[in-house]
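User: Please take a close look at the nonpolar core of this chain, and set it in the context of the whole chain before going into its residues.

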Amino acid sequence: MARSKIVLIVIVGLFIIMQLIPLNQTNPPVIQDIAAPSEIDVILKNSCYDCHSNETKWPWYSRIAPGSFLITRDVVEGRKHLNFSDFADLDAFDSTDIADEIIEVLEEGEMPILPYLLLHPGASLSDSQITALSEWAETLYSE
Ligand code: HEC
């Protein structure tokens with residue numbers, strides 16, 4: 001068999017095997033959704049919820065390896081840092097900490113992360129959305 005054919009068969013084989021690796025692409029139940037005012041809720045749902053909630057939308061391409069590995073990692077890591085679906089029983093220390101982190105990533109323009117924005121251009125935050133989110137995050141301090 002021609003060498004190029006063998007290479008092709010190997011590549012296709014690896015691609016198929018990759019698809020069989022199980023991924024944790026689940027949406028666990030919402031424990032307690034953060035009660036944000038509706039205009040903030042719209043922004044969070046549009047720009048943050050895919051990685052920072054249990055209401056992730058998994059598009060068809062998120063199911064195809066190897067891209068699926070990267071997307072799943074971002075969701076798992078994102079939820080670990082901040083999960084808007086799990087805001088039950090936050091004490092004052094935790095909510096202040098979260099508020100600080102949200103304000104910081106907004107100031108630095110770190111969120112949503114770039115690969116996500118390339119696939120979801122509509123999720124990028126306008127200046128007025130950044131201001132609105134930061135002002136809202138400040139209200140988390142006292143709670
Ligand atoms: C595509 C997935 C994705 C989206 C969408 C996304 N994030 Fe993140 N976020 C992550 C990941 C992954 C981390 C953890 C690793 C890191 O800090 O880069 C993170 C970390 C964070 C942290 C913690 C930072 C720290 O210092 O620990 C905050 C706060 C945050 N994101 C806020 C937001 C906000 C607010 C939005 C919406 C405007 C958003 N993120 C959208 C993936 C995402």
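Analyst: Charge in this predicted model is carried by 8 positive and 22 negative side chains, and the centres of the two sets lie 24 Å apart. The chain exposes about 9200 Å², of which carbon and sulfur atoms supply 63%, while 31% of its 143 residues count as buried.

The fold behind these values has seven helices and zero strands. Along the principal axes, the C-alpha atoms fill a box of roughly 70 × 30 × 25 Å, and the radius of gyration of the chain is 19 Å, whereas a compact globule of 143 residues would have one near 15 Å. Of the contacts between residues at least 6 apart in sequence, 74% join residues that are at least 24 apart.

Turning to the part you asked about, the largest nonpolar core has 20 residues, and those with the most contacts inside it are Ile34, Leu44, Phe84, Ile102, Leu133 and Trp136. At least two residues of this core come from each of α2 (38-47), α5 (92-108) and α7 (127-139), with α5 giving the most, namely five residues.

Ile34 offers a way to look at this core from one residue, since its contacts are listed apart from its neighbours within four places in sequence: Ile34 touches Leu44, Tyr49, Phe84, Phe87, Trp136 and Leu140. Among these partners, Leu44, Phe84 and Trp136 are themselves named with Ile34 as residues with the most contacts inside the core.

How values were computed. Residues are numbered from 1 along each chain as its sequence is written. This is a predicted model: local features need pLDDT of at least 70, side-chain atom pairs count only at pLDDT 80 or more; totals for chains, interfaces and linings use all residues. Side-chain values use heavy atoms; hydrogens and water are left out. Helices (H or I, at least four residues) and strands (E, at least two) are DSSP runs, numbered from the N terminus. The radius of gyration is taken over C-alpha atoms; the globule rule is 2.2 Å times the number of residues to the power 0.38. Buried means under 20% relative accessible area, exposed over 50%, partly exposed in between (1.4 Å probe, protein chains only). Contact means heavy atoms within 4.5 Å. Accessible areas come from the Shrake-Rupley method with a 1.4 Å probe; for residues, only the protein chains shown count as cover. Lys and Arg count as positive and Asp and Glu as negative; His and the chain ends are not counted. The place of a charge is taken as NZ of Lys, CZ of Arg, CG of Asp or CD of Glu. A nonpolar core is a set of buried Ala, Val, Leu, Ile, Met, Phe, Trp, Tyr and Cys residues joined through side-chain atoms within 4.5 Å.
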